[in-house]
Amino acid sequence: MSRIVETRQLTPVTKMFVLDNRLIAESAQAGQFVMLRVHKDGERIPVTIADYDREAGTITIVVQAVGATTRRVDALDVGDEILDVAGPLGSPIEIPDGGAHVVGVGGGFGAAALLCLMREIHAKGNTATAIVGARNQDLLIMTNELLGVADNVEICTDDGSAGMKGFVTQRLAQLMDGQGPGRPDRVIAIGPMAMMRAIAAATKESGIKTMVSMDPLMVDGTGMCGGCRVIVDGKSQFACIDGPVFDAQLVDFDLAMRRNKAYAEQEKAAAKRLACAPAEAV
Amino acid sequence: MPVKRFDKTPMPTQVAGMRAHNFLEVNEGYTEDHARFEAERCLRCQDPICVTGCPVGVPIPQFIHAVALGDRQGASRLLRSANPLASVCGRVCAQENQCEARCSLAGRFNPVAIGHLERFVADWERTQTHEAKPQITRTEKVAIIGSGPAGLVCAGELARLGYSVTIYEALHAPGGVLRYGIPEFRLPKDILDWEISLLTDLGVKIECNVIIGRTLSLDQLTTKMGYSAVFIGTGAGLPQFLGIPGENLVGVYSANEYLTRVNLMRGYSADADTPVAHGESVAIVGAGNTAMDAVRTAMRMGASKAMVIYRRSETEMSAREEEYHHAKEEGVEFHCLTNPLEIIDDGNGRVAALRCQRMVLGEPDKSGRARPVAIPDSEFVIPVDNVVLAIGTTPNPMLTRTTAGLSTTPSGCIVADERTGSTSRSLVFAGGDAVSGAATVILAAGAGKRAASAIHETLNPG
């Protein structure tokens, strides 16, 4: 059980939770995730660790209420307990040992995962740049927090209501051309699959090492089910133990996107059942 | 003179036509009369070689004699003294290859139904009130990694010896493969819960959601957390895939994933949130016990056609005979000498069919079984909605990848002494499938038991 010690509504469907879990807080590193389960018949879902505080013994996660389980999480508040939180799982992101310009690209609620990543990149003596994007200003999340941990924060919105008007890929292309904080030595993208694929395409010819954080469906998150397999360089890899971060140029994104829709119909039905259920059942 | 009969007293079962559509236990267990009658078949050999076939050394003739006398209390004490998971082993242990294979009656007649009697005694025991209290008499603490059969048995033995024992389990519920792998209709979860409650009554602590190698390192256990010894029983939970085209289509599962969705995540219940496919036509590739569990589960999840696809013949199947017969009775189709070549896409990234070829048996291969050889121009297609691959598992690499100095074999098994379970690291022991690769519950239990003795001898010599 992990108690919720702080929450913040980031957008109408995105909520941040700070969880009291000293064991995970003490071992977590950027790129890892936890598995959550909120009730006895609940499913296990993987959620990226956005940040951790070893002193306070807390971890921060951001959940977007899209399915039955994430909506159940969304309904929780300070003082509530999350039944099961297991982690940190997955391999930490490999970060250069200093002197490199590392750019983290965060799309949608993936921007939250850049928090601990930027801090670790900076702490190892690298230049940490965050590029975050959203449709408009109201959907941007964690920009103030990122300003506190990154050397540079580049903001993009589709409508230009904040930062640059355009996509994160466009800003990345400008950086690759030497604009702003300059050409990256490494790019790490965390966000929707379509964004990560676009980032992979953007850096393909440049030779810049680019990593993506894959977010496939998982059951256990510990290497047991194989449901999270992604094809990397033609070989089957389990995102939970071999990843979740892989070389962007080697990932089969088409397959990964198709596999993520495996239960689309059942998920829709479950969300509908939940919407019709009395409030206390949520 | 006791009545002698040639045949085993049959195990009462649920009617096949009914049980194929529910998750209730298939075997219903002996009555007192069945048990006493069967127990009288035992010859009470002077030199009982059946015991040598038991990895945990159950005093078989003695407990059976107690059953024959109607002394269930005595029988359960004898059984429990040697097997801390009696109600589980009485159900899932392959006695026909072990104790029963060595029964003196086995040559000319059918062996005594040792397994059924074990289950009878353990089931009676479960109806009794238990008054076990923790008796932690020693200062040393022992950590157990993994709560499958090896870990549970090791923990129980050490707790009885007076050690303070904590089991760390990565999932949200204890039991390992007994929980996520073996279906409800073979091992009801309330029986597993009861066996585990006996351990917690003895003072064994179980910490779920803790992944050793990630949440805590093995070194933290032995240093900062003050454990005097560690036992690794992390099993062989990493599923293998065939490497054939179409394996990543939506609707293809490893048996581990399929069974975990149904067992651990309770996919058979309408209240469960975890989705699982309910294919009309389901093909299971492989013919071991896991394949039987998966195909019979598919049947119960509503498949009108549940098939086993196996490249060798019935004779080479590694599944228990009982499982095979039960599956056949329930209407499972067996397509033997059939090798899957490709899983065919329906055009939308989902499974449509399985392309196979017919095989014929050739010379024995390195496993000693006849090697299947393809028959030219024998390809054919079976329409299916789901494919479940039950072709084996290997040890989970999470702990070994993150722990320095722990030797493993090229196939990822932890190197450990057969007799003691000691590994390349001092005061770290290992046993069960993590060491042997995928094997049986009782072999894991035996390894857990031996390691517990070795840990005791190491910590308190003499």
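# Interface, domains and two residues

Biologist: How many residue pairs are in polar contact between chain B and chain A?

Modeller: This is a predicted model, and a pair enters the count where both residues are at pLDDT 80 or more. Under that condition, the polar contacts between chain B and chain A come to 23 residue pairs.

Biologist: Which element gives the most residues to the side of chain B that touches chain A?

Modeller: Strand E5 (238-239), strand E6 (252-254), helix H11 (255-262) and helix H14 (398-401) of chain B are the elements that give two or more residues to this side. The element that gives the most, with four residues, is H11(B).

Biologist: How does the side of chain B that touches chain A divide by class, and how many of its residues are charged?

Modeller: The nonpolar class holds 20 residues of this side, and the polar class holds twelve. The charged class, which takes in Asp, Glu, Lys and Arg, holds ten.

Biologist: Which residue of chain B forms a salt bridge with A:Asp41?

Modeller: Three salt bridges are found across the interface of chain B and chain A. In one of them the side chain of A:Asp41 takes part, with an N to O distance of 2.8 Å that falls within the 4 Å limit, and the residue it meets is B:Arg266.

Biologist: Which residues of chain B lose the most area to chain A?

Modeller: The contact involves 43 residues of chain A and 42 residues of chain B. About 3500 Å² is buried between the two chains, with 53% of that area coming from carbon and sulfur atoms. On the chain B side, 21% of what is buried comes from the residues that lose the most, namely B:Arg214, B:Asn248 and B:Asp273.

Biologist: Within chain A, how far apart do the C-alpha centres of domain 1 and domain 2 lie?

Modeller: Chain A is divided into domain 1, residues 2-89, and domain 2, residues 101-213. The domains touch each other, with 15 residues of domain 1 in contact with 13 residues of domain 2, and their C-alpha centres are separated by 23 Å.

Biologist: Which residues of domain 1 of chain A lose the most area to domain 2 of chain A?

Modeller: The two domains of chain A bury about 1200 Å² between them, and carbon and sulfur atoms carry 63% of it. A share of 33% of what the domain 1 side buries belongs to the residues that lose the most, which are A:Ala30, A:Ala50 and A:Asp51.

Biologist: Which residue meets A:Arg8 in a salt bridge?

Modeller: Between domain 1 and domain 2 of chain A the count is two salt bridges. The side chain of A:Arg8 comes to 2.7 Å, N to O, from its partner, and this partner is A:Glu145.

Biologist: Is A:Gly207 buried or exposed?

Modeller: A:Gly207 sits in the loop between helix H6 (193-203) and strand E14 (209-213) of chain A. Its C-alpha is 9.4 Å from that of A:Arg186, although the two are 21 residues apart in sequence. Because its relative accessibility is 68%, and the class begins over 50%, A:Gly207 counts as exposed.

Biologist: And is B:Ser281 buried or exposed?

Modeller: B:Ser281 belongs to strand E7 (residues 281-285) of chain B. Leaving aside residues up to four places away in sequence, B:Ser281 touches B:Lys305, B:Met307, B:Pro383, B:Val384, B:Asp385 and B:Asn386. Because its relative accessibility is 10%, which is under the 20% limit, B:Ser281 counts as buried.

How values were computed
Residues numbered from 1 in each chain as written. Chains lettered and ligands numbered in written order. Predicted model: local features only at pLDDT ≥ 70, side-chain atom pairs only at ≥ 80, totals over all residues. Heavy atoms only, no water. Buried < 20%, exposed > 50% of the residue type's maximum accessible area, 1.4 Å probe, protein only. Contact = heavy atoms within 4.5 Å. Buried area = accessible area lost by both parts, 1.4 Å probe. Polar contact = N/O pair within 3.5 Å; in protein donor to acceptor, adjacent residues only side chain to side chain. Domains from an automatic or database assignment.
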